[in-house]
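Trainee: Could you take me through this structure, one question at a time? I would like to start with the chain contact and end with a sheet.

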Number of protein chains: 2
Amino acid sequence: MSGLIGIDWGTTHRRACLLDADGALQDERADDQGMLAAAGRHAEAFETLLSGWPRHVPVVMSGMVGAASGWQEVPYLDAGTPLSELGRHLVPLRAAPAGRRVVIVPGLRWRGPGGEVDVMRGEETQLLGALALGAPDGWFVLPGTHSKWVLMDGGVAVRWRTHMTGELFALLGRHGTLAAFEGDVAVPDAFADGLRAAAQGALTHTLFGCRARVVAGDMPPAHARSYLSGVLIGTEWLDTPTRPQQVHLIASAALAGPYETAARHLGVATVVHPPREVHLAALRYLLEAMTW
Amino acid sequence: MSGLIGIDWGTTHRRACLLDADGALQDERADDQGMLAAAGRHAEAFETLLSGWPRHVPVVMSGMVGAASGWQEVPYLDAGTPLSELGRHLVPLRAAPAGRRVVIVPGLRWRGPGGEVDVMRGEETQLLGALALGAPDGWFVLPGTHSKWVLMDGGVAVRWRTHMTGELFALLGRHGTLAAFEGDVAVPDAFADGLRAAAQGALTHTLFGCRARVVAGDMPPAHARSYLSGVLIGTEWLDTPTRPQQVHLIASAALAGPYETAARHLGVATVVHPPREVHLAALRYLLEAMTW
């Protein structure tokens, strides 16, 4: 085995790591050429990302790259698949550039009673990394555009729920009537007010309250963004089916902060795993487990 | 009194009516030159709307025209103000075009215990019209971008809650990840499925479920828009603080349909008042009550 290149290729961002045969990190890169930006020119965007790295090293991609709207649609695995077996289900990229060996990690699909369904792409690889690092069973929270609450049991993602928290925050703050009130600076008191407002339920009403407080003169416009963040993150925490004593957060520093604050408000302990670390751990696991 | 011109000037649309001295409708117009489209050129957009109508007839404007983001900000009245007294609180437009007498109907602001606040602009005039038409006390629902549930008691809007239903529908369907799934045709079964999904609560999760059902192959993409509509309207109905036996809907035909369907699912009776009719009734009330 000649090492491994891993790409976590999401909707808006991507990150690539080059590992040697021992799993030692040789180089890494990240940019904003996610699936949206790379649409229609995936091969070119792929070569740009890996430019100068050895062509004979196999590449493992995870994330939205395998979605219907990605580079090549890869069917979901059922939720019962042990994450330790992901390496057996890697799907070759049909349009792999000449001289490259490229595979995609399949996402997972969960179906519950009553027709409920949920999906993930990319998080399964991050969760594999967390397991490889020794994280125990329990709830894993992966905040983001589509924030996920995943119950891990015996190395299997037995059920999960996705929340549109990040997407709603972006839509309301960028295109909606709340856009006019945006402030760029985080205001901890306004975030806490938003968390408390979320506790009253009725999200569509609470969201309007963000606007009403400003136009009624009860909140400075510069507080609206933090308040909105508190309302949405607070709602996500309150809408979970159970209240665990501890959750594992797989989150960048920017997202870990507000999620830890929300957890403190609710008396929930948190363990934070940086996405880069769990991705690296997953790649090292696959490097050992795979036979190419 | 030489008749009256009324303009209901909202964020995205406006409607103007010309009444003679007896309150008979002489002409009416509507277009999409709402506050967003008319920003920075209100006087020009005003003259275009009224072009050819007599200049000496006084003009009463209601709606977002009086917002901070409108033509002239008009302070809110307190929620305790009887709607029958709105005519005493009309605010002259400072920049009225030469030869015109123009006033703006103030919006209302409600403050509840615990710092809750809500506002309306334009709906107070529609509610006045409904009262003038003999509508009794009770709950009035005004669907739209910012849908309002108003409790009327003795001619006063004693409390209300605004829901961002229409704005969320537009944002998710136009800019969000659900945009890719849009179908233009209403699918009643998908709408009903959305209503049922809403009953499970956890809106940010249920919204993602709309995407998950499509990408998992459990729902045709052309059903997503109706499903999303059912989720959002169902959530609005379920998030109200009380479940009235009957509500008065002040809604265009396009919105009355889905709101009546939601009401039937919950066993709530509805009385529909077209916005045009209640606006005309409000203008006729003001025509009699005002001294210019």
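Mentor: What follows is a set of short questions and answers on this structure.
Mentor: This is a predicted model: local features need pLDDT of at least 70, side-chain atom pairs count only at pLDDT 80 or more, and totals for chains, interfaces and linings use all residues. Residues are numbered from 1 along each chain as its sequence is written, and chains are lettered from A and ligands numbered from 1 in the order in which they are written.

Trainee: Which element gives the largest share of the side of chain B that touches chain A?
Mentor: Two residues are in contact if their C-beta atoms, placed from the backbone, lie within 7 Å. The contact takes 38 residues from chain B and 38 residues from chain A. Elements giving two or more residues on the chain B side include strand S12 (156–163), helix H6 (203–215) and helix H7 (224–238); helices (H or I, at least four residues) and strands (E, at least two) are DSSP runs, numbered from the N terminus. The largest share, 9 residues, comes from H6(B).

Trainee: Which C-alpha of chain B is nearest the axis?
Mentor: A rotation of 180° with 0.0 Å of shift along its axis superposes chain B on chain A, with RMSD 0.0 Å. The fit is by least squares on the C-alpha atoms of residues with pLDDT of at least 70 in both copies. The two copies are therefore related as by a two-fold rotation axis. At 3.2 Å from this axis, the nearest C-alpha in chain B is that of B:Leu171.

Trainee: How far apart are the end C-alpha atoms of helix H8 of chain A?
Mentor: Helix H8 of chain A covers residues 253–266, which makes 14 residues. The expected span is 1.5 Å times one less than the number of residues. That gives 20 Å, and the end C-alpha atoms agree, so the answer is 20 Å.

Trainee: Which residue takes a positive phi just after H8(A)?
Mentor: Buried residues of H8(A) include A:Leu255, A:Tyr259 and A:Ala263; buried means 20 or more other C-beta atoms within 10 Å of a residue's own, with C-beta atoms placed from the backbone. The buried residues pack against elements of chain A, among them helix H5 (188–198) and strand S14 (269–273). Just after the helix, a positive phi of about 75° belongs to A:Gly267.

Trainee: What is the bridge partner of A:Leu77 in S8(A)?
Mentor: An open sheet of 3 strands in chain A has the order S5-S8-S9, with mixed pairing; two strands pair if DSSP finds at least two bridges between them. S5(A) and S8(A) run parallel, joined by 2 bridges. In S8(A), the partner of A:Leu77 is A:Leu108.

Note on methods: Buried ≥ 20, exposed ≤ 12 C-beta atoms within 10 Å, placed from the backbone.
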